[in-house]
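This report goes through the fold, the charged side chains and a few single residues of one protein chain. The structure comes first.

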Amino acid sequence: MKFDWDILDAYKLAIGKTFLYGNYGSFVANMGIPSRVATSKAAFTIQSKADLDKVISMAKEPEVVILHYPGIDMWYAYDNNIIPSVIDFRKTDKRITYGTTTFDTNYTISQFKKQFPNSAKPLFALPQSFFETTTKEKGTNFEHFILIRKTKDDPNATPMIELTFDKGKLIYIFFANF
């Protein structure tokens, strides 16, 4: 089954001048240290760059390392890259830019439908949204839309990005990096 979803070049997503898909060191230098870091084995409170460096050095590939910022979770990749996992606009004051588009709680379904008309068509729905799976939240006001993102790693892969709206306003972005 072929889905005619719109493609988003996720490598152009940024917080200010900091790209969401980019160099780990540059990301931390621009965004600051995360408050918490989690691995598959444990979670750590981070007080300093030294704490962060220690946790990163303890993790072994392919263990996922998640950097937790308020409302933003990022994955550390062992090639010294950073990859977004989730952005909860209800818990952060950060805005994500994509060219002239700003993704935040002011971004509406109407804007989405104009910008991504194929993905706005309700032709397919997952049995449960990534948002519902991640947050355990359900509600009749939630609407979920899927985009496909470009990938540099595997030209045959079709990683998805799910945008969740509540009462017509963007609240959450989930990056399916698998």
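How many positive and negative side chains does the protein have, and how far apart do the centres of the two sets lie? In this predicted model, there are 22 positive and 19 negative side chains, with 3 Å between the centres of the two sets.

## Overall fold and dimensions

The protein contains 4 helices and 14 strands. Its radius of gyration is 16 Å, close to the 16 Å that the globule rule gives for 178 residues, so the protein is as compact as a globular protein of that length. Taken along the principal axes, the box filled by the C-alpha atoms is roughly 45 × 35 × 30 Å.

Among contacts between residues at least 6 apart in sequence, 53% join residues at least 24 apart. Buried residues account for 45% of the 178 residues. The accessible surface amounts to about 9900 Å², and carbon and sulfur atoms contribute 53% of that area.

## Salt bridges

Side chains of opposite charge can pair when their charged atoms come close. With a cut-off of 4 Å between a side-chain nitrogen of Lys or Arg and a carboxyl oxygen of Asp or Glu, the count comes to 6 salt bridges.

One of these pairs Arg-95 with Asp-104, and the closest N and O atoms are 2.8 Å apart. Arg-95 is partly exposed at 49% relative accessibility, a value that is not over the 50% required for exposed. Asp-104, at 9%, counts as buried. Apart from this pair, salt bridges that share partners join Asp-88, Arg-90, Lys-91 and Glu-137 into one network.

## The network around Asp-88

Which residues form salt bridges with Asp-88? Arg-90 is one of them, with the closest N and O atoms 2.9 Å apart. Lys-91 also forms a salt bridge with Asp-88, here with a closest N to O distance of 3.9 Å, which is within the 4 Å cut-off.

Are these residues buried or exposed? Asp-88 is buried, with a relative accessible area of 6%. Arg-90 is partly exposed at 36%, and Lys-91 counts as exposed at 58%. Asp-88 is also the last residue of strand β9, which covers residues 81–88.

## Residues with positive phi

Two residues that are not glycines have a positive phi: Asn-80, at about 70°, and Lys-136, at about 65°. Where do they lie? Asn-80 is in the loop between β8 (72–77) and β9 (81–88). Lys-136 is in the loop between α4 (130–135) and β12.

Their accessibilities are as follows. Asn-80 counts as partly exposed, with 33% relative accessibility. Lys-136 is exposed, with a relative accessible area of 65%.

## Ile-146 in strand β12

Strand β12, which follows the loop holding Lys-136, spans residues 142–149 and includes Ile-146. The relative accessibility of Ile-146 is 9%. Ile-146 therefore counts as buried, since the limit for buried is under 20%.

What separates Ile-146 from Ile-161 in sequence and in space? The two are 15 residues apart in sequence, and their C-alpha atoms are 5.7 Å apart.

Note on methods: Residues numbered from 1 in each chain as written. Predicted model: local features only at pLDDT ≥ 70, side-chain atom pairs only at ≥ 80, totals over all residues. Heavy atoms only, no water. Buried < 20%, exposed > 50% of the residue type's maximum accessible area, 1.4 Å probe, protein only. Helix = DSSP H or I, 4+ residues; strand = E, 2+ residues; numbered from the N terminus. Rg over C-alpha atoms; globule rule 2.2 N^0.38 Å. Contact = heavy atoms within 4.5 Å. Areas by Shrake-Rupley, 256 points an atom, 1.4 Å probe, with all protein chains shown as cover. Lys, Arg positive; Asp, Glu negative; His and termini not counted. Charge placed at Lys NZ, Arg CZ, Asp CG, Glu CD.
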